[in-house]
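The following exercises concern strand pairing, helix packing, aromatic contacts and pockets. Please work through each task with the model at hand before reading its solution.

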Amino acid sequence: MALSKNRIKYIHSLELKKNRKTEKVFLAEGPKLVGDLLGHFPCRFLAATPEWLSQHSKLPVEDVSEVSDEDLSRASLLKTPQQVLAVFEQPEYETDASVISHSLCLALDDVQDPGNLGTIIRLADWFGIEHIFCSPNTVDVYNPKTVQATMGGIARVKLHYTPLPDLIQSLKDIPVYGTFLDGENMYTQKLSSNGLIVMGNEGNGIGKEVEQLINRKLYIPNYPAERETSESLNVAIATAVVCAEFRRQAASL
């Protein structure tokens, strides 16, 4: 069955945040991603090739369309469509800062690149970090590029958009970490198994208002120390390095 022009137009409209927000949905594409998300989020609509559908006979979806590769290509936002796309309902998570007191969480201060956010969600999923607190100006988690970059991590990591200064001020004596050029060498510090790790904007780092509230400043040392090197690390790579050290220390206790 061919996809109607209206259905294709609707799928394309989800590239815009205002439309995703109005409809309270997001788009996912590809066998792995869609397969990971089915069962985690209610699915409004799914379109797939006969080959994919023949391998997935029992789907928790009422609105399913069998489509040709050509139809899928017209509907897809990807350069290379991948057998299946689906529209899922956005979850509503309650923002509960108390989780920071007994687990390790991330905070993102105005991260702008959809790929960076998706990669950070994927990293959080790998390192068992279940909550990410985002400043209101951080890129939308349901941006299609972000969703694709999570590689399914969006099913297990909850994102909360909230003013970070208010959040951090509510934490009282809980450790709040951030990476800075004038911070302490991360590898010589005792890192806690709970608390908040703040990562900053790609160009400007952590904002001044948030920086003033951070009580544990860390530095990721370059090697060797005297060698001229890049000015900074990509925020997703820096997140990976920091999270790996937190988990390494926790595993050695």
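In strand β4, Val 84 is the bridge partner of Ala 48. The model is predicted, so local features need pLDDT of at least 70 and side-chain atom pairs count only at pLDDT 80 or more, while totals for chains, interfaces and linings use all residues. Residues are numbered from 1 along each chain as its sequence is written, and side-chain values use heavy atoms, with hydrogens and water left out.

**Exercise 1. Place the pair Ala 48 and Val 84 in its sheet.**

Step 1. Helices (H or I, at least four residues) and strands (E, at least two) are DSSP runs, numbered from the N terminus. Two strands pair if DSSP finds at least two bridges between them.

Step 2. Five bridges join β2 (residues 43-48) to β4 (residues 84-89), and their sense is antiparallel.

Step 3. The open sheet has four strands, ordered β1-β4-β2-β3, with mixed pairing. Its edge strands, β1 (25-29) and β3 (64-66), each pair on one side only. From one strand to the next, the twist averages 10°; axes are lines fitted to C-alpha atoms, for helices over the stretch in contact, and angles run from 0 to 180 degrees between N-to-C directions.

Step 4. Helix α1 (residues 5-13) lies across β1, β2, β3 and β4 and runs at about 115° to β2.

**Exercise 2. Describe the sheet with the order β7-β6-β5-β9-β8-β10 and the helices that pack on it.**

Step 1. This open sheet consists of six strands, and the pairing is parallel. Because β7 and β10 (216-219) each have a single partner strand, they stand at the edges and one side of each is left without a neighbour in the sheet. Direction ignored, neighbouring strands are turned by 35° against each other on average.

Step 2. At one end of the order, β6 (residues 131-134) pairs with β7 in the parallel sense over four bridges. Within β7, His 160 is the bridge partner of Phe 133.

Step 3. Helix α7 (residues 114-126) packs on the sheet and touches β5 (104-108), β6 and β7 (contact means heavy atoms within 4.5 Å). The direction of α7 makes about 175° with that of β5.

Step 4. α11 also packs on the sheet, touching β5, β8, β9 (195-199) and β10, and its direction makes about 155° with that of β9.

**Exercise 3. Classify the aromatic pair formed by Phe 26 and Tyr 142.**

Step 1. Rings of Phe, Tyr and Trp (its six-membered ring) pair if their centres lie within 6.5 Å; planes under 30 degrees apart count as stacked, over 60 as edge-to-face and the rest as tilted. The structure holds four such pairs.

Step 2. For Phe 26 and Tyr 142 the ring centres are 5.1 Å apart and the planes are at 25°, so the pair is stacked.

Step 3. Phe 26 belongs to strand β1 and Tyr 142 to the loop between β6 and α8 (144-150), so the pair ties together parts 116 residues apart in sequence.

**Exercise 4. Which residues lie nearest the centre of the second largest pocket, and which element gives the most to its lining?**

Step 1. On a 1 Å grid over the protein atoms alone, where a 1.4 Å probe fits, a pocket is an open set with protein on both sides within 12 Å along at least five of seven lines; lining residues have an atom within 4 Å of a point.

Step 2. Of the 20 lining residues, Gln 90, Pro 91, Asp 140, Tyr 142 and Tyr 161 lie nearest the centre.

Step 3. α2 (17-23) and β7 (158-161) each supply at least two lining residues, and β7 gives the most, with four.
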